[in-house]
Amino acid sequence: MGELKQVTLDASESSGFATTKLDALLGWARKWSLFKYPFVTACCGMEFMSLTSPRFDGTARFGAEAPRFSPRQADLLWVVGTISQRQAPVLRRIYEQMMEPKWVLAFGTCASCGGFYDNYTTVPGIDKIIPCDVYVPGCPPRPEAVIDGLMLLQDKIARGDKTPGVVKPREDPAAGVVTLRRSKDSVR
Ligand code: SF4
């Protein structure tokens, strides 16, 4: 019969390794299992539908397809569109009801900074009400930009990074075509 040996580990070495690996595992699991709560108020909603359509497949392949219409079951708040002063307390309440850890994505220029609605009825950016993790500018943003924003958020979740991030504008390939056509017209 074999002898049983008690193996003791140095706590200072083992706990650091185990904690790091556990954090990495949790970050990986969280970034691929996001449950979204869409707070859609305005025209950016059309592009939100486009994002989730089969053409762009902008949420399912990132593990963020399933919507939750109770904030208590959601961990990713999508703020899509303009937020009026009257909607502000509602948005704040929804955010407070969400479970931890939770993240917020500002979809479009209006949600990011109020857009061109520079008036007393509009909130000049959702970060005046709730913390925001990723801003996706654009009026509305292209689905590719939102996908960039979602990937940026996934990266932050995996690293445990809570600093806000902004999606940089991409070069629109269609814009080059328009410029070319205009320059041809001007020659005539
Ligand atoms: S950013 Fe543009 S498209 Fe989006 S809600 Fe504002 S006005 Fe509408």
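This is a short tour of a predicted model, from the whole chain to the sheet, the core and the ligand.

**Whole chain.** Colour the protein chain by secondary structure. Six helices and five strands appear. Follow the chain along the sequence and the pattern reads α-β-α-β-α-β-α-β-α-β-α. Now colour by burial. Of the 188 residues in the protein chain, 30% are buried. Contacts with a separation of 6 or more come mainly from far along the sequence: 78% of them link residues 24 or more positions apart.

**The sheet.** Select the five strands. They form an open sheet with parallel pairing, in the order β1-β2-β3-β4-β5. Go to the edges next. These are β1 and β5 (165-166), each paired on one side only.

**β1 and β2.** Zoom in on this pair. Five bridges join β1 and β2 in the parallel sense. Pick Lys 36 and look across: its bridge partner in β2 is Leu 76. Then show the side chains of β2. Which residues point which way? Leu 76, Trp 78 and Val 80 point one way, while Leu 77 and Val 79 point the other way. Both sets are buried, so five of the five residues in β2 meet the cut-off of 20 or more other C-beta atoms within 10 Å.

**β3 and β4.** Step along the sheet. β3 and β4 run parallel and are joined by three bridges. Select Phe 107; Val 136 in β4 stands opposite. Keep Phe 107 selected and show what it touches. Leaving out residues up to four places away in sequence, the list is Cys 44, Phe 48, Trp 78, Val 79, Val 80, Val 136, Pro 141 and Val 146.

**α5.** Bring this helix into view. α5 lies across β3, β4 and β5. The angle between α5 and β4 is about 170°.

**The core.** Select the largest nonpolar core, which has 37 residues. Val 79, Leu 105, Ala 106 and Phe 107 touch the most other members. Elements giving two or more residues to this core are β1 (36-40), α2 (44-52), β2 (76-80), β3 (103-107), α4 (109-113), β4 (134-136) and α5 (143-159). The largest share, seven residues, comes from α5. In soluble globular proteins, nonpolar side chains tend to be buried together.

**The ligand.** Finish here. Which residues surround the ligand? Select Ala 42, Cys 43, Cys 44, Gly 81, Thr 82, Gly 108, Thr 109, Cys 110, Gly 115, Cys 139 and Pro 140. Colour this shell by class: six residues are nonpolar, five are polar and none is charged. Cys 44, part of this shell, is also among the residues that Phe 107 touches.

Key
Residues numbered from 1 in each chain as written. Predicted model: local features only at pLDDT ≥ 70, side-chain atom pairs only at ≥ 80, totals over all residues. Near = placed C-beta within 6 Å. Nonpolar A, V, L, I, M, F, W, Y, C, P; charged D, E, K, R; others polar. Helix = DSSP H or I, 4+ residues; strand = E, 2+ residues; numbered from the N terminus. Buried ≥ 20, exposed ≤ 12 C-beta atoms within 10 Å, placed from the backbone. Contact = placed C-beta atoms within 7 Å. Core = buried A, V, L, I, M, F, W, Y, C linked by C-beta atoms within 7 Å. Pairing = 2+ DSSP bridges. Axes fitted to C-alpha atoms, helices over the stretch in contact; angles between N-to-C directions.
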